[in-house]
Amino acid sequence: MAASASSPSDAARTAQDRLQAHEATIGVVGLGYVGLPLAVQYARRGFETLGIDLDARRVQCLRAGDNYIDDVDDEDIQTFVADGRLQVESSFERAAEVDVFFVCVPTPMTDAKNPDLTYVESAVDSVAQHLRPGQLIVLKSTTYPGTTDEVVRPLLEASAADTHLEIGRDYFLAFSPERIDPGNETYQAGTIPVVAGAMTDAGASVTEAALRAAGTEVHLVPNPKWQRWRSCWKTSSARSTSRW
Ligand SMILES: NC(=O)c1ccc[n+]([C@@H]2O[C@H](COP(=O)([O-])OP(=O)(O)OC[C@H]3O[C@@H](n4cnc5c(N)ncnc54)[C@H](O)[C@@H]3O)[C@@H](O)[C@H]2O)c1
């Protein structure tokens, strides 16, 4: 494990440099309608991409070069799996190799009409076990704005307590809710502008670099708890600046 960075700018700069040089490994947790197109998008941009899904059948299928998501090109899966750009695992054993994690697991509704965060908690907990300096974790699952700060952050901090890793100095956390619209032939993963809010300023820079690395238009908001996500979504494609 690399040594802890001495300032937020050190860790953030290193992470951004790795992204710019295409040396960063992208990790996608949950290879469904959201995660698989995202993983393919990074592989297409030349990034080594590690997909992690607990569903062993999905992992087997992808390893065989087979696709199961309509919006994903069969040929892309065959090519990227064959040349090793897209690797898939059903465990988190290789999670420390990842520089940027996208958490794309389900958030079904509970009977009380709240998002069931069980999958998010489990995925983040698994990521947290392998947390190392320089990593960025981006929550993509659909949930309420406070989830990143109130649920994800404590899980990461509990795990990082022993290693003395600090959020915003050693590792970074952001929320960028997925906006994919399966079946939409005009806007697909990579061409849909995204909105992102990070926990810290340094995290915002790394998040912006990570999302732009996929060729995606990014609109940063002040933090993951920002209350105006909805109005932001309505206008995001009409704005040309990256900061509001
Ligand atoms: N599908 C859409 O059109 C869409 C659009 C916008 C947002 N979203 C949101 O994106 C999130 C993901 O949705 P989806 O449609 O891709 O779900 P999905 O069910 O298609 O895929 C989720 C995948 O996550 C895997 N998974 C579950 N727990 C895991 C864990 N702990 N570790 C690793 N993998 C795990 C599952 O095996 C599954 O393959 C949800 O919050 C959803 O609301 C979906």
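**Exercises on the ligand shell and helix α5**

Of the 24 residues around the ligand, those that come nearest are Gly30, Gly32, Tyr33, Val34 and Ser141; a residue is near a molecule if its C-beta atom, placed from the backbone, lies within 6 Å of it. The model is predicted: local features need pLDDT (the predictor's confidence in each residue, from 0 to 100) of at least 70, side-chain atom pairs count only at pLDDT 80 or more, and totals for chains, interfaces and linings use all residues. Residues are numbered from 1 along each chain as its sequence is written.

**Exercise 1.** State which helix gives the most to the shell around the ligand.

*Solution.* Step 1: helix α5, residues 118–128, gives the most, with 3 residues. Step 2: by class, the shell has 13 nonpolar, 7 polar and 4 charged residues.

**Exercise 2.** Determine which residues of α5 are buried and how they are placed around the axis.

*Solution.* Step 1: a residue is buried if 20 or more other C-beta atoms lie within 10 Å of its own; in α5, Val120, Ala123, Val124, Val127 and Ala128 are buried. Step 2: they lie on the same side of α5, because they cover an arc of only 140° around the axis. Step 3: the buried residues of α5 pack against β1 (25–29), β4 (100–103), β5 (136–139) and α6 (147–160).

**Exercise 3.** Identify which residues of α5 Val103 touches.

*Solution.* Step 1: contact requires C-beta atoms, placed from the backbone, within 7 Å. Step 2: not counting residues up to four places away in sequence, the residues that Val103 touches include Val120, Ala123 and Val124. Step 3: Val103 also touches Gly30 and Ser141, both among the residues that come nearest to the ligand.

Key:
Helices (H or I, at least four residues) and strands (E, at least two) are DSSP runs, numbered from the N terminus. Ala, Val, Leu, Ile, Met, Phe, Trp, Tyr, Cys and Pro count as nonpolar, Asp, Glu, Lys and Arg as charged, and the others, Gly among them, as polar. Two residues are in contact if their C-beta atoms, placed from the backbone, lie within 7 Å. A residue is buried if 20 or more other C-beta atoms lie within 10 Å of its own, exposed if 12 or fewer, and partly exposed in between; C-beta atoms are placed from the backbone. The arc is that of the directions from the helix axis to the C-beta atoms.
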